[in-house]
Amino acid sequence: MSDAAAGSPAPTAEEALHTTLDMPFDDAVPFVQIEHELADFETVQVTRLDQMVEGMLGHDDVERTALIVVCHPEIAYDALGIDPTLAGMLPCTTIVYEREGDDRVHVHHVSATKAIRDLGCAPSESSADVEALVEKTGELMTVVWENIEEHGSE
């Protein structure tokens, strides 16, 4: 039985990065984006999910939510070297959002490479390469997260 089926979160979700920022949402989105870029992640897209939902479905009751979609060239290169189909699991997405009744802005990131590992997306003979990819991604995101937490609380 899988962790999710057993009622406990899978390692990918359990190990997600989460922090809060004491700054306006409209400042937090570019701040988080730039912190990724300073660690050599390229911004693929920034999308306001709440605006998309309102524009396409007419729902205006979604809290402000931005998806910051980024990709690091080393991670992409290594993933493509393992199996080109892994590109479908990239790039990485960090979410910046608000919650009603909470005056802080939330930042959340789930590792795409851990999802590749935990979902068994790569060929079984490449498990050592996938673990190396997870480790490299973790090192890069640790730098990003430490900077977000350090500079986001000033």
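The following legends describe close-up views of a predicted model.

**View 1. The region annotated as DUF302.** The UniProt record, an unreviewed entry, lists "domain: DUF302" for residues 59-108. Across residues 59-108, helix accounts for 20% of the chain and strand for 36%. The C-alpha atoms at the two ends of this stretch are 23 Å apart.

**View 2. Surroundings of His 72.** His 72 occupies the loop between β3 (65-71) and α4 (73-82). With a relative accessible area of 3%, His 72 is buried, because the cut-off for that class is under 20%. The His 72 side chain reaches the backbone oxygen of Ala 39 at 3.3 Å. A polar atom of the same side chain, that of His 72, lies 3.2 Å from the backbone nitrogen of Glu 74. Apart from neighbours within four places in sequence, the residues in contact with His 72 are Ala 39, Asp 40, Phe 41 and Leu 140.

**View 3. Backbone geometry at Asp 40.** Asp 40, one of the contacts of His 72, is placed in the loop between α2 (25-38) and β2 (42-48). Although Asp 40 is not a glycine, its phi is positive, at about 70 degrees. Asp 40 is exposed, its relative accessible area being 54%.

**View 4. The cis peptide bond before Pro 91.** Leu 90 and Pro 91 are joined by a cis peptide bond, with omega about 0 degrees. Pro 91 belongs to the loop between α4 and β4 (92-98).

**View 5. Asp 50 in helix α3.** Asp 50 is located in helix α3 and counts as buried at 8% relative accessibility. Its side chain makes a polar contact of 2.7 Å with the side chain of Arg 48. Not counting residues up to four places away in sequence, Asp 50 touches Val 62, Glu 63, Arg 64 and Thr 65. Thr 19 is 31 residues from Asp 50 along the chain, and the C-alpha atoms of the two are separated by 20 Å.

**View 6. Glu 54 and the nonpolar surface patch.** Glu 54 is also found in helix α3, where it counts as partly exposed at 43% relative accessibility. Beyond residues up to four places away in sequence, Glu 54 touches His 59 and Asp 60. Glu 54 and Leu 80, 26 residues apart in sequence, have C-alpha atoms 36 Å apart in space. Leu 57 lies in helix α3 (residues 49-57) and, at 60% relative accessibility, counts as exposed. Together with Met 52 and Met 56, Leu 57 forms a nonpolar patch on the surface, with about 350 Å² of accessible area in total.

**View 7. Thr 137 in helix α6.** Thr 137 is part of helix α6 (residues 127-151) and counts as buried, at 2% relative accessibility. A polar atom of the Thr 137 side chain lies 2.8 Å from the backbone oxygen of Leu 133. Leaving out residues up to four places away in sequence, Thr 137 touches Ile 75, Ser 111 and Thr 113.

**View 8. The salt bridge between Arg 64 and Asp 26.** The structure holds 10 salt bridges, one of which joins the side chains of Arg 64 and Asp 26 (3.5 Å, N to O). This pair links distant parts of the chain, with Arg 64 in the loop between α3 and β3 and Asp 26 in helix α2, 38 residues apart. Both residues are partly exposed: the relative accessible area is 29% for Arg 64 and 49% for Asp 26.

**View 9. The salt bridge between Glu 74 and Lys 136.** The side chains of Glu 74 and Lys 136 meet in a salt bridge (3.7 Å, N to O). Because Glu 74 lies in helix α4 and Lys 136 in helix α6, the pair ties together parts that are 62 residues apart in sequence. Glu 74 counts as partly exposed at 43% relative accessibility, and Lys 136 counts as partly exposed at 24%.

**View 10. A salt-bridge network around Arg 117.** Arg 117 forms a salt bridge with Asp 118, and their closest N and O atoms are 2.7 Å apart. Glu 15, Lys 114, Arg 117, Asp 118 and Glu 131 are joined into one network by salt bridges that share partners. At 25% relative accessibility Arg 117 counts as partly exposed, and Asp 118 is partly exposed with a relative accessible area of 31%.

Key: Residues are numbered from 1 along each chain as its sequence is written. This is a predicted model: local features need pLDDT of at least 70, side-chain atom pairs count only at pLDDT 80 or more; totals for chains, interfaces and linings use all residues. Side-chain values use heavy atoms; hydrogens and water are left out. UniProt positions are given in the numbering used here, feature names are shortened, and annotations may be inferred rather than shown by experiment. Helices (H or I, at least four residues) and strands (E, at least two) are DSSP runs, numbered from the N terminus. Buried means under 20% relative accessible area, exposed over 50%, partly exposed in between (1.4 Å probe, protein chains only). A polar contact is a pair of N or O atoms within 3.5 Å; within protein, one must be able to donate a hydrogen and the other to accept it, and residues adjacent in sequence count only if both atoms are side-chain atoms. Contact means heavy atoms within 4.5 Å. Patches are made of residues with over 30% relative accessible area and no salt bridge: like charges are joined within 9 Å, nonpolar side chains (Val, Leu, Ile, Met, Phe, Trp, Tyr) within 5 Å. Accessible areas come from the Shrake-Rupley method with a 1.4 Å probe; for residues, only the protein chains shown count as cover. A salt bridge is a side-chain nitrogen of Lys or Arg within 4 Å of a carboxyl oxygen of Asp or Glu.
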